[in-house]
Amino acid sequence: MASKKDKDDEISEMIETTLDETKSSVNKTANEARKEVPEYTKAVKEYQEETIQATKDIADSFLESQKQVISSSQSLWAPYYENMQYMYWSYWTPERTTENYTIAVSNVTDNSIAATRLANNFMFASLEAWRTTMRHARDNAIEFSRLNTNYAKTIQNQAKENLRNHRER
C-alpha cells in the first residue's frame, strides 16, 4: 500500500502534468492565432482599399452626373435667366447659379470623403481600444494569478503553523 506522501506526490505530479499540458495547449493556440495575424492585417488593408475606391467611385459618379445636370440646366434655363436678369435680379445669372451649384456639389463630395476618413479613423481607434483592452486583460489576469498564488501560499503557511501549534500542545 502506498504511503500518504507517495499518494500526495503522485497527485502533485498529476496536477503539474495537467497544468503543463494546459500551458502547452495555450501556447499552441497562441501560435496558431499568431499565424492568422497576416490574414487579419490583409483583410483590414483590403477593407480600407475597397472603402477608398468605393468613395472615389461614388465621388466620380456624382461629379459626372452633376456636370450633366449643370450642362442641361444651363442650356435649358439660360434664356429665361437672361430675361429675368434684365427684369428682376441682376445677381442671379446662369453663370452665378452654376457657380453656386458647383460649389455645393464640391462640398457634398468633400464631405463624403471626410465621412469615409472619419469612418476609417473610428475603425482604427476601435482597434487601438481593443489592443489596450487586451493589454489590461492580460495584465489583470497575471496580477490575479499572482494574488491567487500568494493567497494559496498564505493558506499553506497558516495551515503548517496551525499544525505545528497543534503538535506543540
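## Exercises on salt bridges and burial in two helices

Lysine 56 is partly exposed, at a relative accessible area of 44%, where buried means under 20%, exposed over 50% and partly exposed in between (1.4 Å probe, protein chains only). The model is a predicted one, in which local features need pLDDT of at least 70 and side-chain atom pairs count only at pLDDT 80 or more, while totals for chains, interfaces and linings use all residues. Residues are numbered from 1 along each chain as its sequence is written, and side-chain values use heavy atoms, with hydrogens and water left out.

**Exercise 1.** Find the salt bridge between lysine 56 and aspartate 60, and describe its setting.

*Solution.* Begin with the criterion, which asks for a side-chain nitrogen of Lys or Arg within 4 Å of a carboxyl oxygen of Asp or Glu. The side chains of lysine 56 and aspartate 60 satisfy it, with an N to O distance of 2.7 Å. Next, locate the pair: the two residues are about one helical turn apart because they stand four residues apart in helix α1, helices being DSSP runs of H or I with at least four residues, numbered from the N terminus. Finally, consider exposure, where aspartate 60 is partly exposed at 38%.

**Exercise 2.** Work out how glutamate 46 and lysine 42 are placed in the helix, and classify the exposure of each.

*Solution.* Both residues lie in helix α1 (residues 4-87), four residues apart, which is about one turn of the helix. Their closest N and O atoms are 3.8 Å apart, and the pair forms a salt bridge. Glutamate 46 is partly exposed at 36% relative accessibility, whereas lysine 42, at 53%, counts as exposed.

**Exercise 3.** Turn to helix α2 and examine the pair glutamate 128 and arginine 131.

*Solution.* These residues are three apart in helix α2, again about one turn of the helix. Their side chains meet in a salt bridge with an N to O distance of 2.6 Å. Both ends are partly exposed, glutamate 128 at 36% relative accessibility and arginine 131 at 43%. By the rule applied here, the count of salt bridges comes to seven.

**Exercise 4.** Is asparagine 120 buried or exposed, and which residues does it contact beyond its neighbours within four places in sequence?

*Solution.* First place asparagine 120, which sits in helix α2 (residues 94-168). Its relative accessible area is 8%, so asparagine 120 is classed as buried. Then look for contacts (heavy atoms within 4.5 Å): leaving aside neighbours within four places in sequence, asparagine 120 touches Tyr47, Gln48 and Thr51.
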